[in-house]
Amino acid sequence: MIYSETCQIYQYAIGNENEIKFFTTIHQMEIIVAAKTQTYCGFEDPDLCGFIQENGTDNFNWTRTQGRTPSANTGPSYDHTCKDRNGHYMYIEASGQSKGNKARMKTPKYRGLNSQCIEFFYHMYGRNTGTLTVLSKVLTSEEFKAVWRVFGNQGNLWIKASISVSEEIARSGYQLIFEGATDTGYEGDISIDDFRIRDGLCAEDAASLEMTPAPLPKKEMTKLFNEQLERYRKLMRRRERMRRTQTKRK
Ligand SMILES: [Ca+2]
Ligand SMILES: [Ca+2]
């Protein structure tokens with residue numbers, strides 16, 4: 001499972017030599033993931049794996065955190081990747097927001113050669129829980145449209161969501177927005193973790209990206225793929241620097 005291994009990257013990055021080797025193995029795995037145009041983010045990466053906070057089309061930002069959220073009776077006790085206080089996740093803090101305030105976070109651009117399945121885990125616990133919406137657009141279009149939505153208290157647990165992407169849309173390239181909206185009151189934190197895209201349609205009970213995309217020119221597809229690869233290379237270079245720093249300290 002990539003989930004638990006990604007979690008261990010950060011737990012073991014300060015470990016002994018054998019553990020550092022394990023760390024490097026995961027790098028190699030990420031190259032393979034990048035080459036297949038599949039992706040994964042457990043938000044253990046402080047740069048949010050290329051997710052970008054929206055500015056201007058919303059009212060506040062998503063927060064990256066560990067352990068429980070500051071307010072009682074809302075939010076998870078720990079993330080979904082590590083299931084302990086070392087693991088990170090993203091959440092919207094409902095305290096201090098008014099009804100309908102939104103925080104939006106945009107994903108990098110994705111594409112694939114086959115149909116794909118988008119999966120992530122969400123946690124929506126608290127009597128004032130608002131709405132979590134996933135919006136999407138194909139890269140040839142300007143407009144994001146809601147494709148998945150959950151409203152209100154779902155209990156104190158992480159729940160898996162799946163969204164299917166047809167081959168046509170995967171080939172055109174697409175981008176998502178995670179939008180958390182508050183209701184009235186502070187008991188309404190909304191969290192997400194362990195976002196991944198894998199090849200092949202989702203098994204069952206999946207929403208889908210229903211759009212009529214125009215195919216992207218080949219030049220654009222190549223550019224997009226190179227951008228994606230460059231992001232992974234950057235991430236690996238940074239981790240390599242981290243590894244060297246840790247080795248030096250010994
Ligand atoms: Ca996590
Ligand atoms: Ca924002």
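This is a short tutorial dialogue on reading the sheet in a predicted model.

User: Before the details, how many helices and strands does the protein chain have?

Analyst: DSSP runs give four helices and 12 strands for the protein chain. The chain has 250 residues, and 34% of them count as buried.

User: Happy to go on to the sheet. In which order do its strands lie?

Analyst: A sheet is best read from one side to the other, strand by strand. Here five strands form an open sheet in the order β2-β5-β10-β7-β8, with antiparallel pairing.

User: Which strands stand at the edges?

Analyst: Look for strands with a single partner. These are β2 (52-53) and β8 (145-151), so each has one side left without a neighbour in the sheet.

User: How many bridges join β5 to β10?

Analyst: Good one to trace. Strand β5, residues 102-106, is joined by five bridges to strand β10, residues 174-181, and the two run antiparallel. To find your place, start from Lys 106, whose bridge partner in β10 is Ile 177.

User: And what do β7 and β8 form?

Analyst: They form a hairpin, with six residues between the two strands. Strand β7 covers residues 131-138 and is joined to β8 by six bridges, again in an antiparallel run. A handy marker is Leu 135, which has Ala 146 as its bridge partner in β8.

User: What should I keep in mind about side chains along a strand?

Analyst: In a regular strand they alternate between the two faces of the sheet.

User: Last one: what share of the contacts is between residues 24 or more positions apart?

Analyst: Among contacts in the protein chain with a separation of 6 or more, such residues account for 82%.

How values were computed
Residues numbered from 1 in each chain as written. Chains lettered and ligands numbered in written order. Predicted model: local features only at pLDDT ≥ 70, side-chain atom pairs only at ≥ 80, totals over all residues. Pairing = 2+ DSSP bridges. Buried ≥ 20, exposed ≤ 12 C-beta atoms within 10 Å, placed from the backbone. Contact = placed C-beta atoms within 7 Å.
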